[in-house]
Amino acid sequence: METKLNTGRRLTLIAAALSASFATQAWGDDLPSMGEESSPWQIDVTYENHTAHREHAGLAKFRNTMQAEFDKKAGNGWGIHGILRGSWDGVYRMNSGEYGKDAGGPIMLESVGGSGSVAHGFGDVQLFGGSTAQILANNPNAGMRVLGDRWHNAEGGVTFGVPVRPCDVDSRGCRDFGGYGDQGISELEAPEFNKRLDFVRELYVKKTFNLAEGKDLFLKLGKQQVVWGRTDLFRVLDVINPVDYSRNNIYDELSDIRIPMWIAQAEYRMGASDMMQDRNFQLVWNFDQFRANNLGQCGSPNVILDAGCFFRGMANLWDNGGTVSNFAGGVLATNFGPGQIGIRNVHLPEWSLANTQLGGKFEGVTANGLSFSLNALHYRSQLPSLHAFGNTTATVNPATGVSETSKKLIAFDMHFPRVNLLGGSMDFQLPAIGAAVRMEGAMTWGEEFANSTRDELYSKNKVFRSVIGIDRPTFIPFISETSATLISAQLFYQHIFNHELRDAPLGKIGMVDWEDNFIATLLIKGFLKNGTVSPQVIFAHDFQAQATAMAPQVEWNVTNDLKVTIGANYKLAEGRGRWKFDDCRTCAPFVQFAAPGQAVGENYGLGGMEPLGRFRAGPIGAAYKENDIFVRLNYKF
């Protein structure tokens, strides 16, 4: 088992890795020259403090980041580029009652058909070794929160207790879900220092080889980000690198939250032709071990979709048993013993040549200035899929005396399926209105979605995603009479093919994700006082979830080296009634609780906000109680 490093050790590593923060040009000149044609090391170092206060939670971020970026021209035309980044977030110690070793506490769970509410461990019904004594022995009612209480009130759904303390304080439900989910305090507060060496943000060599007839071959090898997309906030083509949503949900720049991977990149630059101003073909081989998107560990400030809490709570139920609200008969809090419901195994792809990821892109610029690309990628989904497996425990039908086995049980293994992507993009100008247009589209095969009509509770579907963006500098006199204001609008669209959704006696069953959905974003950014002061506001609206985020901020470049940003992030959610969905509690795995005339395994469609409503609420709706104000200070040495 990997030894947990203490805080002092972590800070020592940060200081060592980022010792360049105090480097001078003279020190850079003393580094190895690497050949007669080489140049001095060019080093830029920045420090950033990001402090955020969250409504109802208090301090939600006190992150201090040091970043060193360096470049070096080596001999024979080779170049070296690297970025080292280390951070320490004091929130886990400064607000330990919300996010650290003192987080959580005892909980009460709904039992709408029984006593109204019960303490964890004291369900109205007890099944399969789920006695109060057995549950509390391994899964005590302490250090927990109720699943979903971060973003909604109890509303008759299927909920359970979720441990929220760091994993070195409370190991219940801790799993490696793909780079997160099993972290102690020191790993949460200094996340770059882990076995994947994430403090190395980028480290690659590059060279351009001159070929015949004016053609070139460009090579880049090392740890890097490969950017295929042309959009902000949400991704269509830009899926080569996974994303760390635990840093600041969807609200940081993608360049800051992409997780760099070890990649080999070759670009054949063919130049102009009779019909094209420029042409090139890029081949990308991601030979790194698979990495999932970091969705945030439960108990930390940023857990997108609250998914990390769902996963940790389900893993804890499988390991230790627990109480599930409103389960038996759809209305009674129910105790389950270990190994009955929850997440059993996480199947992270091991490294092998077959598990590496390969992509290609052709780019061109037409004679009239239209830039376009055609993209293809074979990769692993960076989002998990939960595969249900059947329960082999037989139950006796009291009416017939016949032993029956359930078709479905809310117990899963986690997988990351293979996906194929084909897509393209284009950029062009509209001189008549002074605007630039960006477009992307992609079709994928192999993605998996929760589907309560299937015995395995998931299905594979083709998905089409697209985005159109328009950018226009516009003079708005009440903002500035001397500088143009940037207006940038985007509209994202997603369609799931062969979408399944049908009526059952108590509600809809099938796929929780919307068949068609649109998300719109709008950025308005002004420039005042010769560009030293820049106010902006970003709006994002999810049409199906009926949820909106607003993020105003003001950047002030105090000097060439010091920048201060003050801002907020506020959410509105009008569509909470649309988020409830079937949770399969009426799939009747236990015949004693089936409705009259209901067959074992038949889903009657009773549902609530948990656990699947998060996928209807989306990343904006599932965070609508997380309203922040923040101050960010950035200094360049």
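In the hairpin that strand 11 and strand 12 make, six residues lie between the strands, and G271 has a positive phi near 75°. That turn is a good place to start looking around this model, which is predicted. From there, this briefing visits the strands beside the hairpin, a nonpolar patch on the surface, a small sheet, a helix, a set of salt bridges and one loop residue.

**The hairpin and its neighbour**

- Strand 11 and strand 12 run antiparallel, and seven bridges join them.
- Across this pairing, Y268 has F281 of strand 12 opposite it.
- Strand 11 (residues 261-269) also pairs with strand 10 (residues 216-224), in the antiparallel sense and over nine bridges.
- On that side, Q265 in strand 11 is the residue that stands opposite K220.
- As general background, the strands of a sheet pair through backbone hydrogen bonds, either parallel or antiparallel.

**A nonpolar patch on the surface**

- Y268 and F281, which face each other across the hairpin strands, both help to make a nonpolar surface patch of about 770 Å².
- The other residues of the patch are L211, L283, W285, W351, L353 and L358.
- Which strand gives the largest share of the nonpolar patch? Strand 12 (residues 276-286) does, with three residues.
- L283, a member of the patch, sits in strand 12.
- L283 has a relative accessibility of 41%, so this leucine counts as partly exposed.

**A three-stranded open sheet**

- Three strands form an open sheet with mixed pairing, in the order 6-14-13.
- Strand 6 (125-127) and strand 13 (322-328) are at the edges; each has a single partner strand, so one side of each has no neighbour in the sheet.
- From one strand to the next, the twist averages 35°.
- Strand 6 pairs with strand 14 (residues 332-336) in the parallel sense, over three bridges.
- One residue pair to look for here is V125 and its bridge partner in strand 14, T334.

**Helix 8**

- Helix 8 covers residues 307-320, which makes 14 residues.
- From its first C-alpha to its last, helix 8 reaches 20 Å, close to the 20 Å expected at 1.5 Å a residue.
- Is helix 8 mostly covered or mostly open? Helix 8 is mostly covered, with 13 of its 14 residues buried.
- G321 follows helix 8 and has a positive phi, near 75°.

**Salt bridges**

- The count of salt bridges comes to 32.
- In general, side chains of opposite charge can pair when their charged atoms come close.
- E48 and R63 meet in a salt bridge through their side chains, at 4.0 Å from N to O.
- This pair links distant parts of the chain: E48 belongs to strand 1 (residues 42-54) and R63 to strand 2 (residues 58-73), and they are 15 residues apart.
- E48 and R63 are both buried.
- R54 and E626 form another salt bridge, also described by an N to O distance of 4.0 Å.
- How many residues apart are R54 and E626? They are 572 residues apart, with R54 in strand 1 and E626 in the loop between helix 9 (613-621) and strand 34 (628-636).
- R54 is buried, with a relative accessible area of 5%, and E626 counts as buried at 7% relative accessibility.
- The side chains of R145 and D149 meet in a salt bridge as well, at 3.3 Å from N to O.
- R145 is partly exposed, with a relative accessible area of 23%, and D149 is partly exposed too, with 28%.
- One network, built from salt bridges that share partners, joins R54, R150, D306, E610, R614, E626 and D628.

**A buried loop residue**

- Q382 is found in the loop between strand 17 (371-380) and strand 18 (385-388).
- Is Q382 buried or exposed? Its relative accessible area is 6%, which is under the 20% cut-off, so Q382 is buried.
- Q382 and V243 are 139 residues apart in sequence, while their C-alpha atoms are 8.5 Å apart in space.

Key: Residues numbered from 1 in each chain as written. Predicted model: local features only at pLDDT ≥ 70, side-chain atom pairs only at ≥ 80, totals over all residues. Heavy atoms only, no water. Pairing = 2+ DSSP bridges. Helix = DSSP H or I, 4+ residues; strand = E, 2+ residues; numbered from the N terminus. Axes fitted to C-alpha atoms, helices over the stretch in contact; angles between N-to-C directions. Buried < 20%, exposed > 50% of the residue type's maximum accessible area, 1.4 Å probe, protein only. Patch = residues over 30% accessible without salt bridge, like charges linked within 9 Å, V, L, I, M, F, W, Y side chains within 5 Å. Areas by Shrake-Rupley, 256 points an atom, 1.4 Å probe, with all protein chains shown as cover. Expected span 1.5 Å × (residues − 1).
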